[in-house]
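Here are a few notes to read alongside the model. Keep the viewer open and look up each residue as it comes along.

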Amino acid sequence: MKVFIAITVLLTGHAQAKSADSTRKRIRGPPCMASGERVKNIRNNKEVTSASGVFSDSVCDQFCDQFFSACKPANPFLTKPVARGGGRQLVETAEEPLPRVDDLSMVEDAMEDCHRTCMLWPRPESPDDYSNVDQSQDIRAIYGQSLSLSGFGGDTFWCRQRHLDLVGDPDSAAFHCYHASATGGSICRDSLVNDYTPYESLRHGQPTRRRLGNCNVALDDIVAECTDSGVTGDNLGLVLQMLPSTIEIIFLSGNDINDLEEDIFLDNLVNPSIVQAIYLNDCNLQTLHPNSLNGLPDLKVFDASGNQVSLLPGDFLKGKTELLQFSMWGNSFSGAIPQDIFRDTKKLERMMLYANDWDEIPDGTFKGLTKLEIMSWAGCNFGDDSFSDDVFDDLISLQFFDFIDGNPGLTTIKKRWFEGRMGRSLIRLAMWGSPSLAVIEEGVFDNLQSLEMVNLHGTKITSIDDMSQILSKPNFEILTLG
């Protein structure tokens, strides 16, 4: 028997009023710029104007129709202007409760907001169609096999469309609708570089782009978009040499690079020390050198997801003290995570290493990662003996704890994982699709006062002995079981 409970924002569209003291941000969307509106250049306050009708209206019409049909609520797209970059968010107070979905005028407003926001999500290239994906497949089959991943990473339209296409029943809606919303949830979003995600900077720069060799450069030559542009391992050095000295964000996804050589950025970029984000998704990448990222002291985002890398050098992130996001999901890693890989990355916020064959997390792997907010280990090979009970102790800022679709999978959710300061910031506990998961230790939820979502469908857990220990959480919204 399956139990599905959805409280407030995501699936019911009914937000309960809270006291002014409990005011909190529900949805933080990307900076919105309607077609023809003006957006400030994020570097020097010059103003540029977006081209009218950059994206096809019909694409967003279809997306928004599908969202409101599959996910139901209007709330994620009913937004209010805020100061940050023209962005929009939902705020709920006792004086201003979130609107009910059964108010038709609100639904119309939500559709308008959805369409406007959708038109601003970057679409680097058209990926494969996920609308007919077999939901019975494991997560690696769904996300990784023979599928173009360019454009799936981070804050893009395609990432949200992918998750929307995976909604097939209330349980899957409870998980995937969150990632198809304005914020992108934990998956369809990136860490911020100078107050914007790299994809937001790419979007803002479109009206000013110019061609330079294999790449388009934009936003006062800060962003280089070299996606699917014929870059190979043989000519990568030359492509990098042609980029201006002002480049901070480099998109290289969808090329055929194979090997990331030693000092490749240090030896070829004019000014590697200012580079803050590099994307190498779906590049048929097979080999990383321990010193591939030498000369990039300010690197904040590194994403090489959807490749065939089998070995992660233990020193690959050496000296990357400014790194906020490390994404290499959908590669060919196996065995133990290198114990010292995160030794220097104490500012890390996002760790996306799912859809690999990891089977062990050594003691000390997460030591000092007190700022980590998101980690996802979906589709990995962890079992009950894969890590010690105290391995998560330093993760005091963690908001998303995702151990989904494991093989062989964990059998027990342990109280010890969330003791001390570790569990106090946790928003989502997601361990769905793990058929061996059968036990929740008593007291698991005691320390999880910020908890909003528990996703346990596709497991042996069909009930919780004391439901009040979850439902009493002040911000709790979604529970799936069995």
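**Notes on three loop residues and a charged patch**

1. Before anything else, bear in mind that this is a predicted model. With that said, start with Asp390, which sits in the loop between β19 (374–376) and β20 (400–402). Its relative accessibility is 41%, so Asp390 counts as partly exposed, since that label covers the range between 20% and 50%.

2. Asp390 has company on the surface. Together with Asp359, Glu360 and Asp363, Asp390 makes up a patch of negative charge there.

3. Next, look at Asp344, in the loop that runs between β16 (334–336) and β17 (350–352). Asp344 is partly exposed too, because its relative accessibility comes to 22%.

4. What does Asp344 touch, once residues up to four places away in sequence are set aside? The contacts are Leu317, Lys318, Gly319, Lys320 and Thr321. Glu322 is worth a glance as well: 22 residues separate Asp344 from Glu322 in sequence, and their C-alpha atoms are 8.8 Å apart in space.

5. Now move to Asn258, which you'll find in the loop between β10 (249–251) and β11 (259–260). Asn258 has 24% relative accessibility and therefore counts as partly exposed.

6. Leaving out residues up to four places away in sequence, Asn258 is in contact with Cys283, Asn284, Leu285, Gln286 and Thr287. Take Leu285 from that list: Asn258 and Leu285 are 27 residues apart along the chain, while the C-alpha to C-alpha distance between Asn258 and Leu285 is 4.0 Å.

Note on methods:
Residues are numbered from 1 along each chain as its sequence is written. This is a predicted model: local features need pLDDT of at least 70, side-chain atom pairs count only at pLDDT 80 or more; totals for chains, interfaces and linings use all residues. Side-chain values use heavy atoms; hydrogens and water are left out. Patches are made of residues with over 30% relative accessible area and no salt bridge: like charges are joined within 9 Å, nonpolar side chains (Val, Leu, Ile, Met, Phe, Trp, Tyr) within 5 Å. Accessible areas come from the Shrake-Rupley method with a 1.4 Å probe; for residues, only the protein chains shown count as cover. A salt bridge is a side-chain nitrogen of Lys or Arg within 4 Å of a carboxyl oxygen of Asp or Glu. Lys and Arg count as positive and Asp and Glu as negative; His and the chain ends are not counted. The place of a charge is taken as NZ of Lys, CZ of Arg, CG of Asp or CD of Glu. Helices (H or I, at least four residues) and strands (E, at least two) are DSSP runs, numbered from the N terminus. Buried means under 20% relative accessible area, exposed over 50%, partly exposed in between (1.4 Å probe, protein chains only). Contact means heavy atoms within 4.5 Å.
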